[in-house]
Amino acid sequence: MISNEAKIGVVGAGTMGTGIAQVAATQGHQVYLYDAYPQQLEKSKAGLKSILARQVEKERMTQEEVDGILNRIEFVDNITNFSECGFVIEAIVEDLAVKKDTFARLEGIVSKDCVLASNTSSLSIAAISSALKKPERFLGVHFFNPAPLMKLVEIISGIATDDKVFNSTKKFIKSWNKITVSGKDTPGFIVNRVARPFYGEALRIFEEGIADAATIDWAMKEIGGFRMGPFELMDLIGHDVNYEVTSTVFEAFYYDPRFKPSFAQKRMVEAGWLGRKSGRGFYNYNDDSKNPAP
Ligand code: NAI
């Protein structure tokens with residue numbers, strides 16, 4: 001059982017890790033947010049401060065609530081404090097070898113009852129857990145972007161996950177005001193598997209020159225009723241993450257052409273056009289022009 005007073009460890013202070021830390025701190029937990037890159041910790045702290053300041057401006061939160069959240073998050077450049085945590089979630093780069101290495105290190109630090117989770121979008125829970133001596137305490141806890149706003153969290157059991165760990169984690173995440181869905185350890189789980197053809201077909205239409213990104217987004221929103229178009233959404237997710245997830249799902253489904261990654265997206269990753277987080281993706285966020293990239 002994860003206690004309601006548990007301290008929470010978050011590994012990776014990027015888009016998802018920062019959002020998850022905000023969720024946990026909003027629920028009153030003491031949070032340790034770790035990143036291997038100090039500049040990323042600075043970026044995460046500044047980003048969080050500005051998001052929360054906007055909440056005060058819009059009168060959705062009081063300054064006192066915001067101060068409480070910020071005081072409960074400790075931005076740390078090492079994982080030694082994680083020994084005090086009851087629940088640790090990893091949200092680092094979508095790379096199996098790096099995740100395995102991180103969990104092997106974590107296991108040497110956390111207490112024996114600490115539940116370990118990965119926010120992976122597409123990697124096998126079984127494969128990540130193979131790095132652990134106690135894989136039964138490990139599972140997938142997959143938040144969506146932006147974590148503080150998106151209600152759904154996929155809870156994924158690996159073949160080695162203990163049922164008690166699975167059930168108590170599910171209950172714990174529900175207590176964070178989230179809606180959970182249980183899924184099996186299959187590539188892309190539920191949402192990312194359904195979403196692959198949404199991005200993939202949009203990218204094919206773009207590559208074939210049938211319509212540009214802005215037109216496709218416009219059609220999907222205005223006529224299709226989607227909240228965001230596929231290109232806006234890929235810019236929000238980050239092209240590095242989205243491309244990696246597609247590649248993983250494609251490979252994991254034995255190269256089923258339905259999941260084939262796109263050259264257009266690969267080129268953007270290679271160029272460092274990662275979307276909102278780098279200021280440039282299909283749209284340009286540096287000058288607010290929102291012009292589609294050439
Ligand atoms: P991101 O690129 O924004 O952040 C990753 C962070 O991890 C960076 O701050 C980086 O410095 C740090 N990092 C990299 N290697 C590290 C290591 N060895 N130790 C500690 N920190 C390290 O990535 P994002 O988007 O937050 O994704 C993180 C994870 O969450 C991935 O597994 C991704 O598939 C998953 N995810 C992403 C979603 C999205 O919309 N971006 C949605 C749901 C899940």
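Two strands count as paired if DSSP finds at least two bridges between them. Helices (H or I, at least four residues) and strands (E, at least two) are DSSP runs, numbered from the N terminus. This report applies these terms to a predicted model, in which local features need pLDDT of at least 70, side-chain atom pairs count only at pLDDT 80 or more, and totals for chains, interfaces and linings use all residues. Residues are numbered from 1 along each chain as its sequence is written.

**Overall form**

The protein chain has 11 helices and 8 strands. Its C-alpha trace spans about 55 × 50 × 35 Å along the principal axes. The radius of gyration, taken over C-alpha atoms, is compared with a globule rule of 2.2 Å times the number of residues to the power 0.38. A compact globule of 294 residues would have a value near 19 Å, and the protein chain agrees because its radius of gyration is 19 Å.

**A β-α-β unit**

Strand S7 (residues 152-157) and strand S8 (residues 179-184) run parallel and are joined by 6 bridges. Within this pair, Ser-157 stands opposite Lys-184 in S8. Together with helix H6 (residues 163-174), S7 and S8 form a right-handed β-α-β unit. Right-handed means that, with the strands pointing away from the viewer, the path from the first strand over the helix to the second runs clockwise.

**Two domains**

Domain bounds come from an automatic or database domain assignment. For the protein chain, the assignment gives domain 1 (7-184) and domain 2 (192-278). Their centres, taken over C-alpha atoms, are 26 Å apart. The contact between them takes 6 residues from domain 1 and 10 residues from domain 2, where contact means that the C-beta atoms of two residues, placed from the backbone, lie within 7 Å.

**The ligand shell**

A residue is near the ligand if its C-beta atom, placed from the backbone, lies within 6 Å of it. The ligand is surrounded by 28 residues, and the closest are Gly-12, Gly-14, Met-16, Ser-121 and Asn-145. Each of domain 1 and domain 2 supplies at least three residues of this shell. Helix H1 (15-26) gives the most, with 3 residues.

**Unusual backbone geometry**

Most residues other than glycine have a negative phi, and most peptide bonds are trans. Two places in the model depart from this, as the table shows.

| Site | Backbone value | Place |
|---|---|---|
| Asn-145 and Pro-146 | cis peptide bond, omega about -5° | Pro-146: loop between S6 and S7 |
| Tyr-254 | positive phi, about 55° | loop between H10 and helix H11 (263-271) |

Asn-145, which takes part in the cis bond, is also among the closest residues to the ligand.
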